[in-house]
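User: I have a structure to go through with you. Could you take my questions one at a time?

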2 protein chains.
Amino acid sequence: MAVTIHDIAKKVGVSPSTVSRVINGKATISSETKEKIFAAMEELNFHPSSLARNLATGSSQAIALIINAEDTKSFANQFFNRSVFGIEKIAQARGFNLIITNDNSADGSPVEQLVYAKKADGIIIPPAIVTPKLISRLRKLHFPFVILGEPAISKNEVNWVDVNNAQGSELAVQHLAAQGYQSIAFIGESQDLVFMRNRVNGFRTGLEAQRLELTDGFIAECDGTHESACQAALALLEKNLRPDAFICSDNAIAYGVISAVKKKGLHIPGEIGVVTFDNYPLALYMEPNLTAVDIDTFLLGEQAAAILFKSIEENGNLQQILINTRLFERESTNRKN
Amino acid sequence: MAVTIHDIAKKVGVSPSTVSRVINGKATISSETKEKIFAAMEELNFHPSSLARNLATGSSQAIALIINAEDTKSFANQFFNRSVFGIEKIAQARGFNLIITNDNSADGSPVEQLVYAKKADGIIIPPAIVTPKLISRLRKLHFPFVILGEPAISKNEVNWVDVNNAQGSELAVQHLAAQGYQSIAFIGESQDLVFMRNRVNGFRTGLEAQRLELTDGFIAECDGTHESACQAALALLEKNLRPDAFICSDNAIAYGVISAVKKKGLHIPGEIGVVTFDNYPLALYMEPNLTAVDIDTFLLGEQAAAILFKSIEENGNLQQILINTRLFERESTNRKN
DNA sequence: AAGGTTAATGCAACCGGTTGCATTAACCTT
DNA sequence: AAGGTTAATGCAACCGGTTGCATTAACCTT
């Protein structure tokens, strides 16, 4: 049905191998033959079948990104698509396809399928699904993978890329201190998550660097909803020694904190400063608009893909990358105007 | 290297065809043979190569979603990932992979690659890249495709799924009327885009249905930024006969409109009602939080994939689907409390 | 001028499955 | 009991490329 390499070969009067070599630019082929083959390909509108090529080369020419569609914290936001675009860019530059596979199964069977059936040459996986079992299995198969975030286990023995969450917190503290805030609180979620621990650690080292004291209870947890963040912030604001600034681990939490501050009749940024992680449109459109720690998720995706390709090309390659954040200063900490 | 169908065949003492038939559940195989084959597959940890299967069956067992990463209006938002998850769900249920391919080329070469190299069995494309040339080419190849949004051309001759934008506007008008607003304006972007035209049309029919008049100039355009939306709203609010409600075609525009209303010292919802398209977190966290027309993008993705598979299975199938919106009522129109 | 090198290309096996047709033996029908 | 049907399975070609090895002719070297 479709035009094959054999049709081209017959038309030009060469062997299929020669056509294959011309397509792939391998070996030395006389320019005369090359031209005739290119002309024939053009004329017959020939396009090599990736299906056949994949089988012959043993490569699917694809990488896969595993997601968990139910994990709205990680995937139902702007984080996700910018990363995807970054990954896709690197993949496309190499002629690879990007496959997206959802896996919220208990047994990880979708990932297993992908790996065993060789539907991808390598995978990018979220920290949430990383288990010792999965790691050892991928290792045994010499199947290249990279984790999109610092994993809770084996962090020195696997490839991963992450935002420098600690540096993000440090940046926030530094900026707040420069604006004259002195009693800073951090409101996040459960520290079961590595990125949250890293942010808290950065908060601590940031305070030390600025010679600011960490008041007891000023590292607060909530469940991530704005209501619970509001509760947590209210509790802190009602103390004798209340904070004069908050670092919030995402926009929803920041919204809750702002509500709490307003309820208390306090002024932002005059009396209370607020910095949030995640420089989403939300940060921009809230009132007041928010100083934010910006995470370059596009770059995160690019780096993840780059490491993965390195690992595909030279098995055994091991890399861990941290990407620094930047601070976008806005009304919520602008005490100086 | 890897375990193949031949290894299983040899171990059990049958032909590879028999193993293939057992794997695919085709033909009638004695249960005795079946069991031996399954046991052998288990023992040798056999997994069929999708690469080989794809070549043999002439199917890539994948569908592709084409995106334009630079088109931030359509893809850099929540719209995107929920749709992706919906598409992926349907694909996975059929054992298909979902490929994401960015195409912001002038010549559409990434799509061409995908199609000619048979990297996918069908594609989902955004209206923005639909051209007569692309359509005729896909048609000629009998290559299944569906458009994720009503296309500007050939709307009756191709598969597409879209949000019922007109119905969304009608819903907004109906709600505003029920809340007692009588002089409603619509602020959107250029009507070059089909979805914008549909929203405007729905706005008109909605007004008629509610027996409300359309004041001259009350269909306003801006460039999509909140600043320009603010300008456009201010212009309307400074008229002798000012609107008492706004329907905004997205959250950024709504933010601009709110700024304008506040600048004029008017009260929301008391004096001015605001409804926005897109029920994003943004709508929830703005002040006041916004009554919003909700678009079920997950369902949109599911339906797009479903149509695509129908088209893959029975070539020539033709379907157009509109998905109705729902209204989430919030502070910005709540005149009654 | 003879032996060695290199450029250009073909042969044939291979990647790992699927499937139309053929074959065999057991079972059914009247 | 003979002819027809059906269940179970094998044969061999095929899907459309890639690649190691071999071959041939032209070119180089001393």
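User: How many residue pairs are in polar contact between chain B and chain A?

Analyst: This is a predicted model, and in it 12 residue pairs are in polar contact between chain B and chain A, counting pairs with both residues at pLDDT 80 or more.

User: Which element gives the most to the side of chain B that touches chain A?

Analyst: Helix α6(B) does, with 8 residues. The elements that each supply at least two residues to that side of chain B are α4, α6 (78-93), β2 (97-102), α7 (109-116), α12 (251-263) and α13 (281-285).

User: And what is that side made of, by class?

Analyst: The side of chain B that touches chain A has 25 nonpolar, 18 polar and 6 charged residues.

User: How many salt bridges cross the interface of chain B and chain A?

Analyst: The rule finds 2 salt bridges across that interface. One of them joins the side chains of A:Glu287 and B:Lys262, at 2.7 Å from N to O. As a general point, side chains of opposite charge can pair when their charged atoms come close.

User: How much area do chain B and chain A bury between them?

Analyst: They bury about 4,100 Å², and 60% of that is on carbon and sulfur atoms. In chain B, the residues that lose the most area to chain A are B:Leu51, B:Phe85 and B:Tyr285, which together make up 18% of what that side buries. In terms of contacts, 49 residues of chain B touch 49 residues of chain A.

User: In which sense do strand β2 of chain A and β2(B) pair?

Analyst: Strand β2 of chain A, residues 97-102, pairs with β2(B) in the antiparallel sense, over 3 bridges. Within this pairing, A:Ile100 has B:Leu98 of β2(B) as its bridge partner.

User: Changing topic to the DNA. Which residues come nearest to strand C?

Analyst: There are 28 residues around DNA strand C, and A:Thr18, A:Thr33, B:Ile5, B:Ser20 and B:Arg21 come nearest. Of the strand C atoms within 4 Å of the protein, 62% belong to sugar or phosphate, and the rest belong to bases.

User: What polar atoms lie by the bases and phosphates of strand C?

Analyst: On the phosphate side, a backbone N or O atom of A:Ser15 lies 2.8 Å from a phosphate oxygen of DNA strand C. For the bases, an N or O atom in the side chain of A:Arg21 is 2.8 Å from a base oxygen of that strand. A polar backbone atom of A:Ala56 is 3.5 Å from a base oxygen of DNA strand C. The elements giving two or more residues to the surface near this strand are α2 (16-24) and α4 (50-57) of chain A, with α1 (5-12), α2 (16-24) and α4 (50-57) of chain B.

User: What classes of residue make up that surface?

Analyst: The surface near DNA strand C has 10 nonpolar, 14 polar and 4 charged residues.

User: Now strand D. Which residues are closest to it?

Analyst: DNA strand D is surrounded by 28 residues, of which A:Ile5, A:Ser20, A:Lys26, B:Thr18 and B:Thr33 are the closest. Sugar and phosphate account for 62% of the strand D atoms that come within 4 Å of the protein. A polar backbone atom of A:Ile5 is 2.7 Å from a phosphate oxygen of DNA strand D, while a polar side-chain atom of B:Ser17 lies 2.8 Å from a base nitrogen of that strand.

User: Which elements supply the surface near strand D?

Analyst: At least two residues each come from α1 (5-12), α2 and α4 of chain A and from α2 and α4 of chain B. By class, the residues of that surface divide into 10 nonpolar, 14 polar and 4 charged.

User: Back to salt bridges: how many does the structure hold over all chains?

Analyst: Over all chains there are 18. Among them, the side chains of A:Lys11 and A:Glu43 meet at 3.5 Å, N to O. A:Lys11 lies in helix α1 of chain A and A:Glu43 in helix α3 (residues 31-44) of chain A, so this pair ties together parts that are 32 residues apart in sequence.

User: Last topic, the backbone. Where are there cis peptide bonds?

Analyst: The bond from A:Ile268 to A:Pro269 is cis, with omega near 5 degrees, and A:Pro269 lies in the loop between α12 (251-263) and β9 (273-277) of chain A. A cis peptide bond also joins B:Glu287 and B:Pro288, where omega is about -5 degrees. B:Pro288 is in the loop between α13 and β10 (291-294) of chain B.

User: Is the phi of B:His142 positive or negative?

Analyst: Phi of B:His142 is positive, near 55 degrees. The residue lies in the loop between α8 (132-140) and β4 (145-148) of chain B. Most residues other than glycine have a negative phi.

Notes: Residues numbered from 1 in each chain as written. Chains lettered and ligands numbered in written order. Predicted model: local features only at pLDDT ≥ 70, side-chain atom pairs only at ≥ 80, totals over all residues. Heavy atoms only, no water. Near = heavy atom within 4 Å. Polar contact = N/O pair within 3.5 Å; in protein donor to acceptor, adjacent residues only side chain to side chain. Helix = DSSP H or I, 4+ residues; strand = E, 2+ residues; numbered from the N terminus. Nonpolar A, V, L, I, M, F, W, Y, C, P; charged D, E, K, R; others polar. Contact = heavy atoms within 4.5 Å. Buried area = accessible area lost by both parts, 1.4 Å probe. Salt bridge = Lys/Arg side-chain N within 4 Å of Asp/Glu carboxyl O. Pairing = 2+ DSSP bridges.
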